[in-house]
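Work through the exercises below with the sequence and the model side by side. Try each task before reading its solution.

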Amino acid sequence: MSVFSAFDYQMMSRAIALAKRGVYTTTPNPNVGCVLAKAGQVVGEGYHVQAGGPHAEVHALRQAGAQAKGATAYVTLEPCSHYGRTPPCAEGLIQAGVAKVICAMQDPNPQVAGRGIAMLQAAGIEVLTGLMETDAVALNPAFLKRMKTGMPWVQLKMAASLDGQTALANGVSQWITSPQARTDVQKFRAKASAILSTSQTVIADDAALTVRRHALPESVCQVYPVADIRQPVRVILDQHHRLHDGLKLYDGAGAVLTVGQDKADICVALDASGKLDLRSLLRQLADKHQVNHLWVEAGATLSQALLSQQLVDEIILYLAPKLMGSDGRGLFGRFGFESMQDVFQLEISDVVRVGSDIRMTVIPQYHSPK
């Protein structure tokens, strides 16, 4: 028999819904929601709006005021126990006099990792965990992966015609997909901590790789001033120093980090194949730059390298209802497979129509994780 009531599920469902409001604005922090309830009524609620700002519990406690005393707090992630840019949320709940805390899941952040729960219990507060944990995990796949593995969660964006071509034989590729699909891409960019591409792609398309305000929900625009939408860091592989000031990449807001063997913002060694070591790069991005979610927009060479090295967690593939022929340029180069047992197996987790195109969310099923 479950220790949680129907009301508990209702309150945690509300906390999870609140947490989702921060998907564009909290990086590198996780999305968290909190509801305070007392005598069967909600007395306060909140979510983590923006990194550096008050956490979800603080917003909920402010709204509840004196009614927080004796209330039950429903939180999607274990309350923090350390001093960062904000005070510990566990301490705030203790001072407010809550009687009980129900967490959907424990925080894997080594700075917390059960300490928030222990702090609450030491203060005499009853703590329960595990309510709707699967839903809570789905809120923060990127944050959780970085905390557990020291690597970012990698989404690879690709676009092709129905016959799998990304460009004509002469290299022309604009535009394969519909305006609606290109707007849809903006939302994925906005959720990411960083965007990874190559100097070849940036120069060929004169790509800015920025987030356009018009593509974002109004709720996001309310968090940020007109000229201050959070821009993901643009991380560009530029081993041969081809980038220059005349590119749109340097016109807009947001940082640009070049990657090379030397004389770059991020220096990485070459791997056994003579290419920049992508695994080392991703570890540096996670460790030194707090990149949880890495969004990749690049050509076949980088896409193939990331997939071959099992560094891709999810593929976002836009398929346009067009045929370009076998003389076009494919999504990937040669993998060299000689057996069907060796080919990449994929799980299609979602298919939606975007404008005239289809967007597929695909999860690689690696044979033996590296």
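**Exercise 1. Describe the place and surroundings of Arg115.**

Step 1. Arg115 is found in helix H4, residues 115-122. Helices (H or I, at least four residues) and strands (E, at least two) are DSSP runs, numbered from the N terminus.

Step 2. The model is a predicted one, in which local features need pLDDT of at least 70 and side-chain atom pairs count only at pLDDT 80 or more, while totals for chains, interfaces and linings use all residues. Residues are numbered from 1 along each chain as its sequence is written, and side-chain values use heavy atoms, with hydrogens and water left out.

Step 3. Arg115 has a relative accessibility of 47%, so it counts as partly exposed. The classes are buried (under 20% relative accessible area), exposed (over 50%) and partly exposed (in between), with a 1.4 Å probe and protein chains only.

Step 4. Apart from neighbours within four places in sequence, Arg115 is in contact with Glu78, Ser81 and Pro110. Contact means heavy atoms within 4.5 Å.

Step 5. Thr134 is 19 residues away from Arg115 along the chain, and the two C-alpha atoms are separated by 21 Å.

**Exercise 2. Check the length of H1 and find which residues of H1 are buried.**

Step 1. The expected span of a helix is 1.5 Å times one less than its number of residues. For the 14 residues of H1 this gives 20 Å, and the end C-alpha atoms are 20 Å apart, which agrees.

Step 2. Asp8, Met11, Met12, Ala15, Ile16, Leu18 and Ala19 are the buried residues of H1.

Step 3. Viewed down the axis of H1, these buried residues fall within an arc of 160°, so they line one face of the helix. The arc is that of the directions from the helix axis to the C-beta atoms.

Step 4. Exposed residues Ala6 and Gln10 are on the face turned away from the buried side of H1.

Step 5. The buried residues of H1 pack against strands S1 (33-38), S2 (41-47), S3 (72-75) and S4 (100-103), and against helix H5 (133-139).

**Exercise 3. Do the same for helix H3 (residues 89-96).**

Step 1. Cys89, Ala90 and Leu93 are buried in H3.

Step 2. Their arc around the axis is only 105°, so they are on the same side of H3.

Step 3. The cover over the buried residues of H3 includes helix H2 (56-64), S3, S4 and H4.

Step 4. Gly97 follows H3 and has a positive phi, near 85°.

**Exercise 4. Locate the largest nonpolar core and say where it lies relative to the domains.**

Step 1. A nonpolar core is a set of buried Ala, Val, Leu, Ile, Met, Phe, Trp, Tyr and Cys residues joined through side-chain atoms within 4.5 Å. The largest one has 42 residues, and Met12, Leu36 and Tyr74 are among those with the most contacts inside it.

Step 2. Helix H1 (residues 6-19) supplies the largest share of this core, six residues.

Step 3. Domain 1 (6-139) and domain 2 (142-364) both give residues to this core, so it lies between them. The domain bounds come from an automatic or database domain assignment.

Step 4. A second, separate core has 34 residues, including Val154, Met158, Val312 and Ile315.

Step 5. The C-alpha centres of the two domains lie 33 Å apart. Their contact takes 16 residues from domain 1 and 18 residues from domain 2.

**Exercise 5. Is Glu297 buried or exposed, and which side chains make polar contacts with the side chain of Glu297?**

Step 1. Glu297 is in strand S12 (residues 293-297). The relative accessible area of Glu297 is 9%, so this residue is buried.

Step 2. A polar contact is a pair of N or O atoms within 3.5 Å; within protein, one must be able to donate a hydrogen and the other to accept it, and residues adjacent in sequence count only if both atoms are side-chain atoms. The Glu297 side chain makes one with the side chain of Arg189 at 2.7 Å, and another, also of 2.7 Å, with that of Trp295.

Step 3. Beyond four places in sequence, the residues in contact with Glu297 include Lys157, Val185 and Leu209.

**Exercise 6. Find the unusual backbone angles.**

Step 1. Most residues other than glycine have a negative phi, and most peptide bonds are trans.

Step 2. Ala39, in the loop between S1 and S2, has a positive phi near 55°. Ala39 is exposed, at 78% relative accessible area.

Step 3. Leu209 also has a positive phi, about 55°, but is buried at 4% relative accessibility.

Step 4. The peptide bond from Thr27 to Pro28 is cis, with omega near 10°.
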